Amino acid sequence: MLKFLCGVFLVLGGFIGPSAHAASVLFLNPGASTETFWVNYSQFMQAAARDLGMDLRILYAERQPEINLKQAREALQGPKRPDYLVFVNEQYVAPEILRLAQGSGVKLFIVNNALTPDQLKLLNERENKYPDWIGSMVANDDQAGYLMLKELVRQHRPVAAGQTIDLLAFSGAKITPAAQLREQGLRRALAEHPEVRLRQLVYGEWNRGRAYEQARQLLKRYPRTALIWSANDQMALGAMTALEEAGGRPGREVLFSALNSSPEALQARIDGRLSVLVAGHFTIGGWAMVLLHDHAQGIDIAGNGGRDRQVPLLQLIDRQQAQRLLGFKQAKDYNVDFRALSAQGHSPSYRYPFSLRLLVH
């Protein structure tokens with residue numbers, strides 16, 4: 001019975017650190033507990049916590065912002081507060097969490113979706129109002145959206161002067177900063193390729209089933225579609241299914257791009273059904289754990305790369321790299337020495353070497 005309970009505790013995200021004085025971290029995961037990306041994200045954080053000797057707990061909001069805020073309120077105003085709260089500005093919840101945290105003594109760190117420029121304007125005088133907000137880390141989402149279309153165009157056969165290439169695009173949720181930035185990158189690439197005609201952009205809400213239904217209609221409406229750009233892997237996989245049901249062959253008549261590194265997406269990249277894959281931001285939470293570990297040790301993390309940092313984690317993944325990442329996903333052992341990434345013992349000029357290359361070199 002004890003063994004079973006311990007197993008359940010680990011599955012839910014808890015980890016008992018080796019020291020009673022280990023820094024405690026609560027991560028408010030905005031995704032669903034069955035959602036591949038966010039589960040993989042949590043696993044990488046847990047790997048970092050184990051290596052660093054930190055006490056990590058993870059709560060899933062099941063993609064419901066009201067649950068996210070309820071969890072934040074209980075953590076920040078309850079009797080057992082963590083040393084650090086890590087959260088995501090998914091569906092614009094960050095300002096309210098910052099407000100809830102005032103006077104709690106809990107240190108705050110934002111990952112993946114930082115505050116928007118408009119939110120930052122409203123939260124002026126950050127230093128005075130939110131002294132416990134110690135930083136944020138995001139990936140290069142704009143560049144990822146740009147790279148996906150550029151690589152799709154590169155792989156497509158050249159077209160004669162005056163001819164066009166029909167494109168469909170599946171963005172995520174309208175009120176998610178990462179989705180907005182990826183779409184911004186897409187439009188930046190479109191401006192460089194007038195031969196590509198964006199027939200329609202729809203919001204698939206990151207959901208495979210929704211994108212499947214949308215793609216069924218769009219492929220009938222635009223039968224000359226040659227490229228499909230997707231802001232995540234689940235929407236790309238849903239659109240692939242719609243194409244296959246219509247008799248098309250992904251990677252041949254229609255080239256697909258996607259972002260994320262679920263096992264199914266990695267296998268599709270290996271098989272060639274997915275022509276372009278960008279991945280790497282599932283590691284952000286793990287790298288954030290290194291920063292929090294150092295902060296708990298009294299290290300000025302802002303002095304080693306800035307308080308709010310954008311890290312170029314999202315990169316194009318070739319078939320060999322996809323195979324390597326797939327092996328890590330299956331073994332759940334990322335073979336990363338997180339302790340070696342700490343700024344402890346380094347000069348003030350040290351910069352954290354966070355990169356997907358640490359996994360797929």
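The following exercises, each with a worked solution, concern the predicted model shown above.

Residues are numbered from 1 along each chain as its sequence is written, and side-chain values use heavy atoms, with hydrogens and water left out. In this predicted model, local features need pLDDT of at least 70 and side-chain atom pairs count only at pLDDT 80 or more, whereas totals for chains, interfaces and linings use all residues.

**Exercise 1. Overall form**

Determine how the radius of gyration of the protein stands against the globule rule.

*Solution.* Step one is the inventory: the protein contains 14 helices and 12 strands. Helices (H or I, at least four residues) and strands (E, at least two) are DSSP runs, numbered from the N terminus. Step two is the comparison: the radius of gyration is 21 Å, close to the 21 Å that the globule rule gives for 361 residues, so the protein is as compact as a globular protein of that length. That radius is taken over C-alpha atoms, and the rule is 2.2 Å times the number of residues to the power 0.38. Step three is the extent: along the principal axes, the C-alpha atoms fill a box of roughly 65 × 50 × 40 Å.

**Exercise 2. Burial, contacts and charge**

State what share of the residues counts as buried, and describe the contacts, surface and charges of the protein.

*Solution.* First, 57% of the 361 residues count as buried (buried means under 20% relative accessible area, exposed over 50%, partly exposed in between, with a 1.4 Å probe and protein chains only). Second, consider contacts (heavy atoms within 4.5 Å): of those between residues at least 6 apart in sequence, 77% join residues at least 24 apart. Third, the exposed area is about 16,100 Å², of which carbon and sulfur atoms supply 51%; the areas come from the Shrake-Rupley method with a 1.4 Å probe. Fourth, there are 41 positive and 34 negative side chains, and the centres of the two sets lie 3 Å apart. Here Lys and Arg count as positive and Asp and Glu as negative, while His and the chain ends are not counted; each charge is placed at NZ of Lys, CZ of Arg, CG of Asp or CD of Glu.

**Exercise 3. Two helices**

Compare the end-to-end distances of H2 and H9 with their expected spans, and describe the burial of each helix.

*Solution.* The expected span is 1.5 Å times one less than the number of residues. For H2 (residues 36-52), 17 residues should span 24 Å, and the end C-alpha atoms are 24 Å apart, which agrees. As 13 of these 17 residues are buried, H2 is largely enclosed by the rest of the structure. Just after H2, Gly 53 takes a positive phi of about 70°.

For H9, 14 residues reach 20 Å from the first C-alpha to the last, close to the expected 20 Å. Its buried residues include Ala 211, Tyr 212, Leu 218 and Leu 219. The buried residues of H9 pack against E6, E7, strand E8 (225-230) and helix H10 (233-245).

**Exercise 4. Two aspartates**

Locate Asp 166 and Asp 294, and establish whether each is buried or exposed.

*Solution.* Asp 166 lies in strand E6 (residues 165-171) and is buried, with a relative accessible area of 2%. Setting aside residues up to four places away in sequence, Asp 166 touches Arg 197, Arg 199, Arg 224, Thr 225, Ala 226 and Leu 227.

Asp 294 belongs to helix H12 (residues 284-296) and is buried, at 0% relative accessibility. With the same sequence neighbours left out, the contacts of Asp 294 include Ile 299, Ile 301 and Tyr 352. The C-alpha atoms of Asp 294 and Arg 339 are 9.8 Å apart, with the two positions 45 residues apart in sequence numbering.

**Exercise 5. Positive phi outside glycine**

Assign Trp 206 and Asn 335 to their loops and classify their accessibility.

*Solution.* Trp 206 has a positive phi of about 70° although it is not a glycine. Its place is the loop between strand E7 (196-203) and helix H9 (208-221), where Trp 206 counts as buried at 11% relative accessibility.

Asn 335 has a phi near 55°, also positive in a residue other than glycine. Asn 335 sits in the loop between H13 and helix H14 (357-360) and is exposed, with a relative accessible area of 61%.
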